[in-house]
Amino acid sequence: MKSVSSINRRLLLQRAAALASVSVASATLAACEWPTSSRPVFKSYPFTLGIASGDPVGDGFVIWTRLAPDPFDRASVAEESIPIIWEIASDADMKLVVQKGTAIARRGLGHSVHVEVRGLPSGRPYWYRFRIAGGDASPIGRAWTAPEIGSALQRLRFAFASCQHYEQGYFTPYAMMVKDAPDLILHLGDYIYESSWGEQVRRHDGAEPKTLEEYRNRHALYKTDMHLQSAHAQCPWLVTWDDHEVDNDYQGLESEDWQDAAAFVKRRAAAYQAYYEHMPVRHIAFPRENGMQLYQRSTFGDLLEVSMIDNRQYRSPAACRNPERGGGSVVTADCKELFDDARSMLGKDQERWLTGGFRRSKAKWNVIGNGEMFSRLRQKTDEGKEGWWTDDWNGFPNARERVVAAMAKSKLSNPVILTGDIHSFWINDVKENFNDPNSNTVATELVGTSITSAGVPYEQFAAMLPDNPHIKFFESRKRGYMLCEVGVQSLAAELKVVDDVRDPKTKGSTLAKFAIEAGKPGAVKA
Ligand SMILES: [Fe+2]
């Protein structure tokens with residue numbers, strides 16, 4: 001049975017030999033042209049933040065690194081720009097190099113580099129590393145090229161994660177994830193946290209970041225966790241963000257606490273640039289004056305299409321927001337703004353792109369990498385009225401209906417929504433009519449718990465379950481992630497947890513298993 005992780009090795013070695021003679025360099029400066037006298041000399045090892053790969057396509061993938069001998073002191077790199085040699089090999093020891101080139105790490109981008117490697121045969125594993133000419137080499141990472149769109153693919157395993165507060169725990173769930181050896185890791189947001197709260201086992205580098213330098217240092221701090229680095233080295237990632245990459249509950253260009261609008265525009269741009277500088281994303285995501293395009297689609301053979309969506313950058317301001325606090329709140333149906341058709345979670349362009357993709361997709365499974373809870377979650381206000389939480393899709397009911405209607409109309413094959421944000425596991429039936437629990441189930445929503453961030457209060461949320469019969473499972477007391485194996489007949493989901501994220505030597509286990517049968521939306525306990 002053919003799968004991404006069991007690709008024909010003999011064929012690969014034959015191709016590698018042929019490819020070695022046609023290596024393509026995106027280079028502007030070959031290593032041998034580098035005068036010895038101008039080689040940078042670092043006081044210490046420059047690849048302290050590790051390496052990463054992302055966004056596999058049929059003939060390549062993105063590779064990333066950032067030079068940071070001292071992760072928190074940019075003066076530790078004296079040069080304005082430094083050439084970094086990158087190498088792609090068809091073996092794990094980097095002996096059979098099939099492509100290499102030189103990328104320039106520039107001060108303006110924090111000495112980060114993003115190389116879009118192209119021109120490789122599809123559906124094969126590769127290994128990569130970076131080197132300074134005559135100097136240090138980075139760790140070696142594993143990546144792969146996607147099986148060609150439409151080609152037969154039997155199986156693909158991915159893990160998805162979200163919400164990794166550095167202060168609230170060690171990133172041990174990633175150590176467990178690396179042992180699972182997934183083909184792909186999806187991150188659904190809150191990769192960093194700007195703020196501090198709750199129980200702390202280690203500390204942030206300072207107060208809430210506002211400037212580019214401060215966001216850079218926050219990302220660098222998170223990247224010093226070796227479990228996170230090893231998960232990046234394990235396989236390619238697909239990423240999107242949520243709010244904490246910038247500011248809690250921010251909406252478009254509006255901050256949570258009504259920060260001065262012009263100042264928040266600058267702050268968001270700094271946070272976006274720092275995010276770009278630390279993620280293995282394509283050049284299409286390069287930060288521009290008015291934002292950064294993170295939403296994107298990846299297709300793997302005939303089996304799986306993944307649409308990563310951006311729920312933060314283009315959203316309308318929260319409905320009926322609290323004039324004193326801003327951000328999300330629980331409102332009632334009296335809030336007319338809540339049901340305004342003009343309000344949008346994704347923005348018009350992204351919504352059109354998403355639903356247009358539904359019409360065109362030929363994949364058996366269609367996964368959406370989504371920031372916040374998509375399903376209806378009925379809850380009570382303090383006055384006992386039916387409440388709507390405005391910071392997730394419950395705050396955009398009409399936009400949600402449009403997405404679900406587009407899924408139904410296009411007969412989208414096996415839609416599965418993967419969700420982060422809420423620091424708890426949920427298994428939900430996505431209903432055609434959110435107000436009618438007996439209406440058709442059109443999709444499945446799998447909500448992964450947080451890597452470390454404290455869970456939502458268990459009793460408070462468990463008490464909502466009787467009013468929400470489309471929710472089949474809920475657990476907020478465990479930290480971890482979800483591991484999914486996509487096959488032709490079914491998608492199997494394992495809820496993976498660690499005993500105690502505050503213990504660096506904690507042990508892991510499987511909390512529960514669910515499966516979705518192809519053609520039957522809604523997961524069932526396995
Ligand atoms: Fe979070």
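Helix H3 (residues 212-223) packs against helix H5 (residues 261-278) at an angle of about 35 degrees, and their axes lie 8 Å apart. The model is predicted. This briefing covers that helix pair, then the strands around S9.

**Helix pair H3 and H5**

- The two helices, H3 and H5, make a right-handed crossing.
- H3 contributes Leu 212, Tyr 215, Arg 216, His 219 and Lys 223 to the contact.
- From H5 come Ala 270, Ala 271, Gln 273, Ala 274, Glu 277 and His 278.
- By type, the residues of the H3 and H5 contact are five nonpolar, three polar and three charged.

**Strand S9 and its two faces**

- Strand S9 spans residues 184-187, and both of its faces are covered.
- Leu 184 and Leu 186 are buried on one side.
- Ile 185 and His 187 are buried on the other side.

**Pairing of S9 with S8**

- Strand S8 (residues 155-161) runs parallel to S9, and four bridges join them.
- Ala 159 stands opposite Ile 185 of S9.
- Between S8 and S9 the chain passes through helix H2 (residues 172-180).
- This β-α-β crossover from S8 to S9 is right-handed.

**Pairing of S9 with S10**

- S9 also pairs with strand S10 (residues 237-239), in the parallel sense, over three bridges.
- Trp 237 in S10 is the bridge partner of Ile 185.
- Ile 185 thus recurs in this picture: it faces Ala 159, it is bridged to Trp 237, and it is buried.

Terms used:
Residues are numbered from 1 along each chain as its sequence is written. This is a predicted model: local features need pLDDT of at least 70, side-chain atom pairs count only at pLDDT 80 or more; totals for chains, interfaces and linings use all residues. Axes are lines fitted to C-alpha atoms, for helices over the stretch in contact, and angles run from 0 to 180 degrees between N-to-C directions. A crossing is left-handed if the near helix is turned anticlockwise from the far one by less than a right angle, and right-handed if clockwise. Two residues are in contact if their C-beta atoms, placed from the backbone, lie within 7 Å. Ala, Val, Leu, Ile, Met, Phe, Trp, Tyr, Cys and Pro count as nonpolar, Asp, Glu, Lys and Arg as charged, and the others, Gly among them, as polar. A residue is buried if 20 or more other C-beta atoms lie within 10 Å of its own, exposed if 12 or fewer, and partly exposed in between; C-beta atoms are placed from the backbone. Two strands pair if DSSP finds at least two bridges between them. A crossover is right-handed if, with the strands pointing away from the viewer, the path from the first strand over the helix to the second runs clockwise.
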